[in-house]
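User: I should like a close look at one part of this model, namely the packing of two helices and the core around it. Please give a single connected account.

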Amino acid sequence: MTLNRYDTLFEDYLVNIALTKQQAENIDHKLAETLSIFLSEYSGDVEIYAQGSFAMGTTVRPLTENQSNNGAGEYDVDIALERAAWGYAQVTLESIRTTLTSEYGDAVDKKLRETCERVHHDIDDQTGVGFHVDYVPIKPMDGRNAAKHSTNSWFPSDTKRLVGWFGELSEANTFLPANILILKRIRDYAGLTDDLPSI
């Protein structure tokens, strides 16, 4: 009995649930665009990096309209904007919203979010799959902190450290990212995407 056949099936399945080349390029393009916009806006006084699933290599390809009873999914990238100069949390979020609105207009989500500002981008006509970017301000003070709109405060949130920890864990456990991709796909098929966030 040969096991190579099963390894190939497993690898093929992972290829089919990972982001497509185009989806990954969309994220890379938005990261580059963000660097240009915010480095210019804050005269270089900002550190910009991806966080969340994309930074950890565990972003699963969203279900298309044909694969889901609940409509097509969305994929996203969370981009951290780290600055020591951030002031009050609400003012910081409003500043980011103003910058994004001048760049993207109506694509900026109208909903006020608790810890970020969101921009919606083109939906794929063939699959119905959407794409958005969440811009998360991070303020370094006694560690890294994220903004909380409702209380106009900052709370501990060190996603950069989390990404580093996960990278080390993945090096020691080679199949960990692949297992997470599979669990996320099961979650999506079960219609639990909103109930079980990626983190």
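Analyst: In this predicted model, Lys30, Glu33, Ile37, Phe38 and Glu41 of helix 2 are in contact with Ile96, Thr99, Leu100, Glu103 and Tyr104 of helix 4. By class, these contact residues comprise five nonpolar, one polar and four charged.

The geometry of this pair may be considered next. Two packed helices are described by the angle between their axes and the distance between the axes. For helix 2 (residues 21–41) and helix 4 (residues 89–104), the axes come within 11 Å and cross at roughly 120°. Helix 2 is therefore oblique to helix 4, and the crossing of the two is right-handed.

The account now turns to the core. The largest nonpolar core has 27 residues, and those touching the most other members are Phe38, Ile79, Leu81, Ile96, Leu100 and Tyr135. Two or more residues each are given to this core by helix 2, strand 1 (47–51), strand 2 (74–82), helix 4 and strand 4 (130–140). Helix 4 makes the greatest contribution, with five residues. Phe38, Ile96 and Leu100 also appear in the contact of helix 2 with helix 4.

Ile96 shows how the helix contact and the core are connected. Apart from neighbours within four places in sequence, Ile96 is in contact with Phe38, Tyr42, Leu81, Trp86, Glu117, Tyr135 and Pro137. Of these partners, Phe38, Leu81 and Tyr135 are among the core members that touch the most others.

Ile79 lies in strand 2 and counts as buried because its relative accessibility is 0%. Leaving aside neighbours within four places in sequence, the contacts of Ile79 are with Lys30, Leu31, Thr34, Ile48, Tyr49, Val133, Asp134, Tyr135 and Val136. One of these, Lys30, is also a residue of helix 2 that meets helix 4. Thr34, another contact of Ile79, is 45 residues from Ile79 in sequence, and the C-alpha atoms of the two are 8.3 Å apart.

Strand 2 also holds Glu82, a charged residue that is buried, with a relative accessible area of 9%. Beyond neighbours within four places in sequence, Glu82 is in contact with Val46, Glu47, Tyr49, Ile138, Pro140 and Arg144. Tyr49 is a contact of Glu82 and also of Ile79. The C-alpha atoms of Glu82 and Gly167 are separated by 21 Å, with their positions 85 residues apart along the chain.

After helix 2, the loop leading to strand 1 contains Ser43. Most residues other than glycine have a negative phi. Ser43 has a phi near 50°, a positive value in a residue other than glycine. Ser43 is exposed, at a relative accessible area of 70%.

A second helix pair offers a comparison for the packing described above. The axes of helix 5 (residues 159–172) and helix 6 (residues 176–189) come within 8 Å and cross at roughly 110°, which means that helix 5 is roughly perpendicular to helix 6. Phe166, Leu169 and Ser170 of helix 5 make this contact with Leu176, Pro177 and Ile180 of helix 6. The residues of the contact of helix 5 with helix 6 are five nonpolar, one polar and no charged, whereas the contact of helix 2 with helix 4 includes four charged residues.

Note on methods
Residues are numbered from 1 along each chain as its sequence is written. This is a predicted model: local features need pLDDT of at least 70, side-chain atom pairs count only at pLDDT 80 or more; totals for chains, interfaces and linings use all residues. Side-chain values use heavy atoms; hydrogens and water are left out. Axes are lines fitted to C-alpha atoms, for helices over the stretch in contact, and angles run from 0 to 180 degrees between N-to-C directions. Helices (H or I, at least four residues) and strands (E, at least two) are DSSP runs, numbered from the N terminus. Angles under 35 degrees count as roughly parallel, over 145 as roughly antiparallel, 65 to 115 as roughly perpendicular and the rest as oblique. A crossing is left-handed if the near helix is turned anticlockwise from the far one by less than a right angle, and right-handed if clockwise. Contact means heavy atoms within 4.5 Å. A nonpolar core is a set of buried Ala, Val, Leu, Ile, Met, Phe, Trp, Tyr and Cys residues joined through side-chain atoms within 4.5 Å. Buried means under 20% relative accessible area, exposed over 50%, partly exposed in between (1.4 Å probe, protein chains only).
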